[in-house]
Amino acid sequence: MKALIDYLKDIFFGLKTLWAGMRITGRYFISPGEIVTQKYPENRDQLIMFDRYKGEVIMPHDGNNQHRCTGCGICQMNCPNGSIEIVTRKEITPEGKEFRVIDKHIYHLDMCSFCALCVKTCPSNALAFGHDFENAVFDKAKLIKILNKPGSSILKDVK
Ligand code: SF4
Ligand code: SF4
């Protein structure tokens, strides 16, 4: 008897959830003004992604081609699947003091799971998520990106 009651309960629950979904579908069906779907790629020029959308990891640069990356390597250490490689080089100040600068911040978009650990744990706030999502390529090598731009340097106020 208990099995029969459980069985009927399951059917009732299934119908209830089906009704909840169909009610929303029906509402949009009869109210075209509320349409939320977009015609992609026809709307590519006007397409605005949500701020929270994680398309790919990027390193923002300002108008003077300066970024905030110190080359500390914390993002590389925290990335759970080895999607980041940090290559640094030593430079010398006019006073003869050695300091480290980022040479290449290599990002493997093809391996990235968009977990955001690198962005959240960067002590200099040097990384962010970009909104670009059109990353279909025939050559996987094109998904390996150098995030620091050629000729860029670190902002003076970043330690
Ligand atoms: S992006 Fe941030 S965590 Fe990664 S090397 Fe640069 S400063 Fe360090
Ligand atoms: S988002 Fe996650 S998986 Fe992608 S590079 Fe950053 S830490 Fe690695």
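**Exercise 1. Find which residue of β6 stands opposite I106, then work out how the strands around that pair are arranged**.

Start with the pair itself: in this predicted model, I106 faces I146 of β6. Next, place the two strands. I106 falls in β4, which spans residues 98-108, and β6 covers residues 144-146. β4 and β6 are linked by 3 bridges and run antiparallel.

Now look at the other partner of β4. Strand β3, residues 84-92, is joined to β4 by 9 bridges, again antiparallel. One pair to check on screen is R89, whose bridge partner in β4 is V101.

Put the pieces together and you get an open sheet of 3 strands in the order β3-β4-β6, with antiparallel pairing. Since β3 and β6 each have a single partner strand, they stand at the edges, so each has one side without a neighbour in the sheet. On average, neighbouring strands here are turned by 25 degrees against each other, ignoring direction.

**Exercise 2. Look at the hairpin of β3 and β4: which residue takes a positive phi?**

Go to the stretch between the two strands, which has 5 residues. Step through the phi values there and you'll land on G96, with a positive phi near 90 degrees.

**Exercise 3. Decide whether S124 is buried or exposed, and list its contacts from further along the chain**.

First, locate the residue: S124 sits in the loop that runs between α3 (117-121) and β5 (128-130). Then take its relative accessible area, which is 7%. The cut-off for buried is under 20%, so S124 counts as buried. Finally, skip the neighbours within four places in sequence; what's left in contact with S124 is R68, T70, V158 and K159.

**Exercise 4. Describe the surroundings of ligand 1: how many residues are there, and how do they divide by type?**

Begin with the count: 14 residues lie around ligand 1. Pick out the ones that come nearest, and you have C69, C72, G73, C75 and C122. Then sort the shell by type: 9 residues are nonpolar, 5 are polar and none is charged.

**Exercise 5. Zoom out: what are the domains, and what distance separates their centres?**

Split the protein first. Domain 1 takes in 2-34, and domain 2 takes in 56-154. Now take the centres over C-alpha atoms: domain 1 and domain 2 come out 47 Å apart.

Technical notes. Residues numbered from 1 in each chain as written. Chains lettered and ligands numbered in written order. Predicted model: local features only at pLDDT ≥ 70, side-chain atom pairs only at ≥ 80, totals over all residues. Heavy atoms only, no water. Near = heavy atom within 4 Å. Nonpolar A, V, L, I, M, F, W, Y, C, P; charged D, E, K, R; others polar. Pairing = 2+ DSSP bridges. Helix = DSSP H or I, 4+ residues; strand = E, 2+ residues; numbered from the N terminus. Domains from an automatic or database assignment. Buried < 20%, exposed > 50% of the residue type's maximum accessible area, 1.4 Å probe, protein only. Contact = heavy atoms within 4.5 Å. Axes fitted to C-alpha atoms, helices over the stretch in contact; angles between N-to-C directions.
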